[in-house]
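Visitor: I should like to go through this structure by question and answer. Please let each reply reason its way to the value or name requested.

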Amino acid sequence: MFTLAEVASLSDIQPTYRILKPWWDVFMDYLAVVMLMVAIFAGTMQLTKDQVVCLPVLQSTVNSKVQPDTSGKADFTTVETTTGQEEASMRTVSFGSAPTVTPDVLLSRATSSQYQPTESGQDLKKEQKDSSGRKTNLDFQQYVFINQMCYHLALPWYSKYFPYLVLIHTIILIVSSNFWFKYPKTCSKIEHFVSILGKCFESPWTTKALSETACEDSEENKQRLTGAQSLPKYVSTSSDEGSPSASTPMITKSGFKFSADKPMIEIPSVTILDKKDGEQAKALFEKVRKFRAHVEDSDLIYKLYVGQTVIKTVKFIFILCYTANFVNTISFEHICNPKVEHLIGYTQFECTHNMAYMLKKLLISYISLICVYGFICLYTLFWLFRIPLKEYSFEKVREESSFSDIPDVKNDFAFLLHMVDQYDQLYSKRFGVFLSEVSENKLRGISLNHEWTYEKLRQHVSRNAQDKQELHLFMLSGVPDAVFDLTDLDVLKLELIPEAKITAKISQMTNLQELHLYHCPAKVEQTAFSFLRDHLRCLHVKFTDVAEIPAWVYLLKTLRELYLIGNLNSENNKMIGLESLRELRHLKILHVKSNLTKIPPNITDVAPHLTKLVIHNDGTKLVVLNSLKKMTNVAELELQNCELERIPHAIFSLSNLQELDLKSNSIRTIEEIISFQHLKRLTCLKLWHNKIVSIPSSITHIKNLESLYLSNNKLETLPAAVFSLQKLRCLDVSYNSIAVIPVEIGLLQNLQHFHITGNKVDVLPKQLFKCVKLRTLSLGQNCITSIPDKVSQLLQLTYLELKGNCLDRLPATLGQCQLLRKSGLIVEDHLFDALPSEIKEVLNQDTSIPFANGI
């Protein structure tokens, strides 16, 4: 049998999973416990008292044939049997001189008037008067034998095994009711769900924090908090042109209303979640999100619950059907024909089952319990199929709260919530808060503002290369409110902040003119957008897909510089539509770093006012360039890393072009350079990092060229035509294979910067030092063996690179280069140390005053 501990363990799951137990499951559990008690009680009674007592049926001819025993004395005994734990209660009577044993229960049928009792005279007379049975010739052992045989032959099987069947059926029903809690594929999900649900229900975010947030957002609190401030109160509204509508509901709601909690009317002070509670709430949001993704894609829990309910219903029908047939077989009297006449002397016996009455009453009770159990199973099936349990709507929660974005769920996630509703709908209402992005963003905002105070943000402000105050925020959950209190900030960089929101407080930042959005599709309020539209001058947007570019970017009418870095392939070119850029009427600089195969015509059509266009193509070949012809106002054009093999002809139509940069392409020949003679304003030509092997003599036609960059190519010689460009101020031919510097270099009287590092030059011509305006001279990594003394003629020289040559000394005349100092002299240490001490002293002098005089 089962011990109490084992029976109690069957209901151990109740405290843990009680919230997933609807009333019918709880009621069926109680019914199962009652049925289990019936089975245990019936089994105990049957083990201790269940027996049959049999007497032979005496026919009329039997009495005459009864023979006395060998002593001429007939002994007969009537026996009442009991269990082995009790002693047989016997009464001894005598017939003649032979004692006999007679059972008390059957004394009235087995005694005769001829008995001579050993009791008192009064008892004997009474006993003789009442006895009217027939005599038998069976002794005690024969009665025991026949009782045991007839127990198995005459007693129906249902009377013998009824308690055990009840026990087995009850155990099966208990297992069926709780199988979905124990099945490995479902129990882990259920445990996880119950754990999360309990934490969500008890989280401070669903009680104190939400109520306080509601009051903080109310108009009364806003006046109380901002009454002493000069900043006007902005009302966030949705704008068709500006910020996306997704941000509006979160900011414009003045209060939060949650049906499960009474709104807090009075708050002693504006409090927020402490750091520990905030971190726990954020972890709950993440757990809910992952659990939803894990559970919502299957309906195994629902199917298993339906399956076990069907099994219980079928079990109920089966039990009811066969029990109804056997209920009448439990009887007190039975006829037994053991066919052992050769041992007993009788063929038929009449038996009584002493437990029949009790078992029948227990069976009727059991049938009643089973009927109730079955009706509940039928109701459960009706509930399972009456409504779509694989869909769960938070419509009521959305109506009763400010969280209108709580999504509906499906499959096992929906079924678990339906089961929880049967326990208490308050659980699912509070759980829904953790499915809302609005709620999560509010929590993030509270935690973020708690962590990033004004003092902490001020410590992260730095000075950039342009001497502007810059703040860079990286991988935060949002934009802290204290950022907008940094009124002297010039540059704001937001990187990897997916939920960035720019509020009306940005209007305080009157110095802000540059904004960086790196993988940060920021949303803005209408008032904030109006401020950015009127004040923002430079915007950097880095994205993965063009759809991430905020729509309000294309409405910044005063924007002058726009930097777009991301995927703009041919399929998504249409995303930057003509209508998008049409409003950017003051845009002067457009920088696109992407993988274009053609220049989007919309850029050239709607932006004729562009003065600078930069396209960095990340190695994708730029094929179609005809659109460039329409950009007649472009003064600077950069086509870098576009896999160009020749100079595009479309460039020759840009009459206002002043600077052309074709860096990092695959250009081998530049014969088309003659066409640049039509570009009268071209002053800077950058053809560096290509595969150019020669410079055509037609370069002499570019009369106004001032800067020529040909570094990192495959040049071996410098043609004399290069030195006919009298306006040339900068010539860079570094990292080629040039062996000789032509003497014609002396013709470049306006040359200020000459770079020939990383070539094969071994001799410096004296004509080089006629370029007296040289300020930068890079001669490193060549084969130069000596520096002429005429280097002293370069009075404006401030930078001289000689490192990586074959020099054995430096000329002492270096001291006559008035503006040259040690910091501008790039040479090996031992060569510098070999200079005379007075020369080293001159080179080590302060450069500020002489340099200023030289300028």
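The exchange below concerns a predicted model and takes up its surface, a cavity and its salt bridges.

Visitor: Which helix supplies the largest share of the nonpolar patch?

Guide: The patch lies on the surface and consists of Trp 23, Phe 27, Val 372, Tyr 379 and Phe 382, with about 490 Å² of accessible area together. Two helices, α3 (23-49) and α16 (356-386), each supply at least two of its residues. The largest share, three residues, comes from α16.

Visitor: Is Phe 27 buried, partly exposed or exposed?

Guide: Phe 27 sits in helix α3 and is a member of the nonpolar patch. Buried would require under 20% relative accessible area and exposed over 50%. Because its relative accessibility is 38%, Phe 27 counts as partly exposed.

Visitor: Is Lys 160 buried or exposed?

Guide: Lys 160 belongs to helix α8, residues 157-182. Its C-alpha is 9.7 Å from that of Leu 359, although 199 residues separate the two in sequence. With the cut-off for burial at under 20%, a relative accessible area of 11% makes Lys 160 buried.

Visitor: Which strand gives the most to the lining of the second largest cavity?

Guide: The structure holds two cavities of 30 Å³ or more, and the second largest has about 30 Å³ of space. Its lining comprises Leu 517, His 519, Cys 520, Pro 521, Val 541, Lys 542, Phe 543, Glu 548 and Pro 550. By class, these are six nonpolar, one polar and two charged residues. The strand that gives the most, with three residues, is β15.

Visitor: How many residues apart in sequence are the parts that Asp 485 and Lys 505 tie together?

Guide: Among the 18 salt bridges found in the whole structure, one joins Asp 485 to Lys 505, with the closest N and O atoms 3.6 Å apart. Asp 485 lies in the loop between β10 and β11 and Lys 505 in the loop between β12 and β13, so the pair ties together parts separated in sequence by 20 residues.

Visitor: Which strands hold Lys 612 and Glu 636?

Guide: The side chains of Lys 612 and Glu 636 meet in a salt bridge at 3.5 Å, N to O. This pair links distant parts of the chain, 24 residues apart, with Lys 612 in strand β18 and Glu 636 in strand β19.

Visitor: What is the relative accessible area of Arg 533?

Guide: Arg 533 and Asp 534 meet through their side chains in a salt bridge of 3.7 Å, N to O. Asp 534 is partly exposed at 41% relative accessibility. Arg 533 is also partly exposed, its relative accessible area being 23%.

Notes
Residues numbered from 1 in each chain as written. Predicted model: local features only at pLDDT ≥ 70, side-chain atom pairs only at ≥ 80, totals over all residues. Heavy atoms only, no water. Patch = residues over 30% accessible without salt bridge, like charges linked within 9 Å, V, L, I, M, F, W, Y side chains within 5 Å. Areas by Shrake-Rupley, 256 points an atom, 1.4 Å probe, with all protein chains shown as cover. Salt bridge = Lys/Arg side-chain N within 4 Å of Asp/Glu carboxyl O. Helix = DSSP H or I, 4+ residues; strand = E, 2+ residues; numbered from the N terminus. Buried < 20%, exposed > 50% of the residue type's maximum accessible area, 1.4 Å probe, protein only. 1 Å grid on protein atoms, 1.4 Å probe; cavity = no way out; pocket = protein on both sides within 12 Å on 5 of 7 lines; lining within 4 Å. Points joined across faces, edges and corners; volume = space filled by probe spheres on them. Nonpolar A, V, L, I, M, F, W, Y, C, P; charged D, E, K, R; others polar.
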